[in-house]
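Please open the structure in your viewer and keep the selection panel at hand. The tour below goes from one selection to the next and says what is found at each stop.

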Amino acid sequence: MNNFSKLGFILATLGSSIGLGHIWRFPYMAGTSGGGAFVLLFVAITFVIGVSMLIAEMVMGNQAKTNVQDAYKNLDASKKKLWQYAGLFLVAGPLILTFYCVVLGWVLYYLFYVSFDLPQTLEESKTLFGNVSQNIQLQILAFFAVVASTGYFVSRGVKSGIESLNFVLMPLLFIIFIGLLVYAMTLDSFGKGWEFMFHVDFTKIDSKVLVDALGQVFFSLSIGAGTLITYAASTEKNQNLFTSAMWVVIPGILISLIAGVMIFTFVFEYNAEPSAGPGLIFVTLPLVFAKMGLAGNIICVLFMIGLAFAGISSTVSLLEPAVKWLEDKTSLNRFKAAWILSFLIFIVGVVLIFSLNPEYTKFLSIYGKNLFDWADWLSANIILALGGLASCVFVGWGINKEKLRSFTEHFLKGVSFDLWLFSLRFLAPVTVIVILLRKLF
């Protein structure tokens, strides 16, 4: 049986959550959403709701031992088996890859080229990022490299591909970022970066910050894309999923906080703007690194390597559920399924790249929003939320309570089981529905 080892499962699941979401998206979301107020909500929602949903999806996979759609079907006690259609939310993974791999391509460009010739002025940095994000040929080349790498590791299977990759990347990622944090601690502005991340101004907590924090939880924990169900299908039957969940959540939060404190220390040290949005990584930081001299070039290389490691571990996890589904539902083997999906993702991604270019945007936009932004918005705000909502409602209400208790009795007992079930049945669904309505209207 091509299963994960216990450590392999934790590292693979951790790799799926620690991606650009933790290191690229988290700091700029904190910068634009109230700093410490956003961080507090993110951590609170992660433990109150995120962990419950994480365990729910793990339980589904661990018990069903199959692809996402069939996991719903096999665990659904009703005759019509309508819950199986909730499994189709696994489309979120390939959709996210169509734009996520583009952003990761930018990371590769900054790693191999910009790190050695950093911009010296803000205008130069903005122009550089603008040129990269609108250079069609360059983006397609970098995008191809990322998609091909993802297809290669997934095609090799659970043990030889996914587990082996994460056994190497996850420890290296933590070594790099802890090293960068230690360096940041030697700078005068470390205190300012720390205060920005952890000083909570409750007046900044509003509906926008709440929505942003919940969206970050979904993005960070890989909830709703089928990754957790698929990965857990390749675990031992009686694995302690609560412990596994904690080993995913706590290091994930730590890497987010390390990235945030480190980045904002650098930002404040050189008087840059902490709320520069997505450009924080690609516009502000390269300029900050340039002011450090030779040390800045080295730090930029290490930072981009860490970002690339985090990104590729996530792209693999986003592709795996759809590959597993194709394997089970068609006559395709893993190798063919991985490369066919990778090819389709590449074709769609190329269209999205064209939609970013001003010359083609007017032809590739809907209601004033280009297709790249639509793919981002639909997957992060709608499909992941609906997928997460489906899994928690199904586990909470669709599976018989006593049967569910038997699934979890080796790691959730008594009050802990009741609290988990309460969160699944009430807290998580209500919160997700409120956020969905806020996003839509």
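A residue is called buried when its relative accessible area is under 20%, exposed when that area is over 50%, and partly exposed in between. The model on screen is a predicted one.

Select Phe426 to begin: its relative accessibility is 40%, and because partly exposed covers the values between 20% and 50%, Phe426 counts as partly exposed. Add Trp397, which at 47% relative accessibility is likewise counted as partly exposed. The ring centres of Trp397 and Phe426 lie 5.6 Å apart with the planes at 90°, so this pair is edge-to-face. Colouring by secondary structure shows that the pair links distant parts of the chain, with Trp397 in helix H17 (residues 371-398) and Phe426 in helix H19 (residues 415-440), 29 residues apart. While Trp397 is still selected, bring up Arg425, which lies over the face of Trp397 at 4.4 Å from the ring centre.

A further charge over a ring can be found by selecting Lys369 and Trp374, where the charged end of Lys369 sits over the ring of Trp374, 5.5 Å from its centre.

Now display the aromatic side chains throughout, among which the structure holds 34 aromatic pairs. One of these is formed by Phe4 and Phe9, a tilted pair with 6.2 Å from centre to centre and 50° between the planes. Phe4 is buried, with a relative accessible area of 4%, and Phe9 is buried as well, with a value of 1%. Next, select Phe99, Trp106, Tyr109, Tyr110, Tyr113, Phe129, Phe282 and Phe372 together, since these residues form one aromatic cluster.

Turn to the surface and select Leu7, Phe167, Val168, Leu172 and Ile175, which make a nonpolar patch of about 450 Å². Which helix gives the most to the nonpolar patch? Helix H8 (residues 158-185) does, with 4 residues. Within that selection, centre on Ile175, whose place is in helix H8 and which counts as exposed at 58% relative accessibility.

For the last stop, select Thr230 in helix H11 (residues 227-232). Is Thr230 buried or exposed? At 4% relative accessibility, Thr230 counts as buried. To see what surrounds Thr230, leave aside its neighbours within four places in sequence and display Val68, Glu320, Pro321 and Lys324, with which Thr230 is in contact.

How values were computed: Residues numbered from 1 in each chain as written. Predicted model: local features only at pLDDT ≥ 70, side-chain atom pairs only at ≥ 80, totals over all residues. Heavy atoms only, no water. Helix = DSSP H or I, 4+ residues; strand = E, 2+ residues; numbered from the N terminus. Buried < 20%, exposed > 50% of the residue type's maximum accessible area, 1.4 Å probe, protein only. Contact = heavy atoms within 4.5 Å. Phe/Tyr/Trp six-rings, centres within 6.5 Å; stacked < 30°, edge-to-face > 60°. Lys NZ or Arg CZ within 6 Å of the ring centre and 35° of its normal. Patch = residues over 30% accessible without salt bridge, like charges linked within 9 Å, V, L, I, M, F, W, Y side chains within 5 Å. Areas by Shrake-Rupley, 256 points an atom, 1.4 Å probe, with all protein chains shown as cover. Salt bridge = Lys/Arg side-chain N within 4 Å of Asp/Glu carboxyl O.
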